Amino acid sequence: MVFYFKARPEAGDYTIFMGLDKYENEELIKYGFPEDIWFHVDKMSSAHVYVRLHKGQTIDDISEGVLEDCVQLVKANSIQGNKVNNIDVVYTPWANLKKTASMDVGQVGFHNSKMVRTVRVEKRLNEVVNRLNKTKVERKPDLKAEREAVNAAERAERKLLLRDKKRREEMERLEKERQTEIRSYKGLMVAEKMTSNKQVASENKSLQELEDDFM
């Protein structure tokens, strides 16, 4: 089971989601998207909360409003963290999550600790948590199938872009050949014209010489 929430409308169309337990967390870790940002209460047990950014966006594009929604949701879904104030929430891109064979189910590490950010959450904001819970939807998604479908679409898009690139390159090659032929033809015409002018000059000189001879 995966729980889906909608971020505040004024922030844009963003979906926040989390797994029911460590087994769903394991699936979310395995079949995440490059646009996913992962949130967790630092040094405490908590839900694994994600926000899916728009394609092309990065962690730097998260607005303050969306960030507050995410950290409040992860705090509210931490048994220990929900009871205390001034906790830290860490967040990082899904691609930075590291999973090894020795880790327990749902456990995760990081490839690069420098890509992990920390935000201090002073207290629970009930108005934020209640608003998010009103948008809550439960689903049993086939995360593997969703990821494979996206992969197939991305492969098709790359194939189309590559085909367009090859077509443009071929058109540019043909245009260069055409321009080369035009320059070659113009050069030939100039050479023929120069030859013709020399012949005329030669003929004129001969006529002048004939006149001089006649005189």
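In this predicted model, Val 89 makes a good starting point. Leaving aside residues up to four places away in sequence, Val 89 touches Phe 39, His 40, Val 41 and Asp 42. Its other partners in that count are Val 71, Val 74, Arg 117, Thr 118, Val 119 and Val 121. A second, separate core of 14 residues includes Phe 17, Val 90, Trp 94 and Leu 97.

Val 89 itself belongs to the largest nonpolar core, which has 29 residues. Val 89 is among the residues with the most contacts inside this core, together with Ile 16, Phe 39, Val 51 and Ile 62. Several elements each supply at least two residues of the core. The strands are β1 (2–6), β2 (15–19), β3 (36–41), β4 (49–52), β5 (87–93) and β8 (117–121). The helices are α2 (64–76) and α3 (126–134). The largest share, six residues, comes from α2.

Now step back to the whole chain. The protein has four helices and nine strands. Along the sequence they follow the pattern β-β-α-β-β-α-β-β-β-β-α-β-α. Of the 215 residues, 33% count as buried. Among contacts with a separation of 6 or more, 67% are between residues 24 or more positions apart.

Two of the helices show how burial is arranged. Take α3. Which of its residues are buried? They are Val 128, Val 129 and Leu 132. Seen down the axis of α3, the buried residues fall within an arc of 95°, so they line one face of the helix. That buried set packs against β1, β2 and α2. The face of α3 turned away from the buried side carries the exposed residues Glu 127 and Lys 134.

Turn to α1. Its buried residues include two that are not hydrocarbon side chains: Glu 24 and Asn 25 are buried in α1, as are Leu 28 and Ile 29. These four cover an arc of only 145° around the axis, which puts them on the same side of α1. Tyr 23 and Lys 30 are exposed, on the face of α1 turned away from its buried side.Next come the open spaces. The largest pocket holds about 200 Å³ of space. It is lined by 16 residues, and those closest to its centre are Asn 25, Ser 45, Ser 46, Ala 47 and His 48. Asn 25 thus appears in two settings: it is buried in α1, and it is one of the residues closest to the pocket centre. The elements giving two or more residues to this lining are β2 and α1 (22–30). By class, the lining has five nonpolar, nine polar and two charged residues.

The second largest pocket has about 160 Å³ of space. Its lining includes Trp 38, His 40, Val 41, Asp 42, Lys 43, Met 44 and His 48. Val 90, Gly 106, Gln 107, Val 108 and Phe 110 line this pocket too. The element that gives the most to the lining is β3, with three residues. Six of the lining residues are nonpolar, four are polar and two are charged. Some names here are already familiar. His 40, Val 41 and Asp 42 are touched by Val 89, and Val 90 is part of the second core. His 48 is also one of the residues closest to the centre of the largest pocket.

There is also enclosed space. How many cavities of 30 Å³ or more are there? The count comes to one. Its volume is about 40 Å³. Phe 17, Leu 28, Tyr 31, Gly 32, Phe 33, Asp 36, Arg 52, Leu 143 and Glu 146 line it. This lining divides into five nonpolar, one polar and three charged residues. Phe 17 links back to the second core, and Leu 28 to the buried side of α1.

Finally, look at the backbone. Most residues other than glycine have a negative phi. Lys 43 has a positive phi, near 65°. Lys 43 lies in the loop between β3 and β4, and it lines the second largest pocket. Is Lys 43 buried or exposed? At 77% relative accessibility, it counts as exposed. Asn 86 also has a positive phi, about 55°, although it is not a glycine. Asn 86 sits in the loop between α2 and β5. Its relative accessible area is 46%, so Asn 86 is partly exposed.

Notes
Residues numbered from 1 in each chain as written. Predicted model: local features only at pLDDT ≥ 70, side-chain atom pairs only at ≥ 80, totals over all residues. Heavy atoms only, no water. Core = buried A, V, L, I, M, F, W, Y, C linked by side-chain atoms within 4.5 Å. Buried < 20%, exposed > 50% of the residue type's maximum accessible area, 1.4 Å probe, protein only. Contact = heavy atoms within 4.5 Å. 1 Å grid on protein atoms, 1.4 Å probe; cavity = no way out; pocket = protein on both sides within 12 Å on 5 of 7 lines; lining within 4 Å. Points joined across faces, edges and corners; volume = space filled by probe spheres on them. Nonpolar A, V, L, I, M, F, W, Y, C, P; charged D, E, K, R; others polar. Arc of directions from axis to C-beta.
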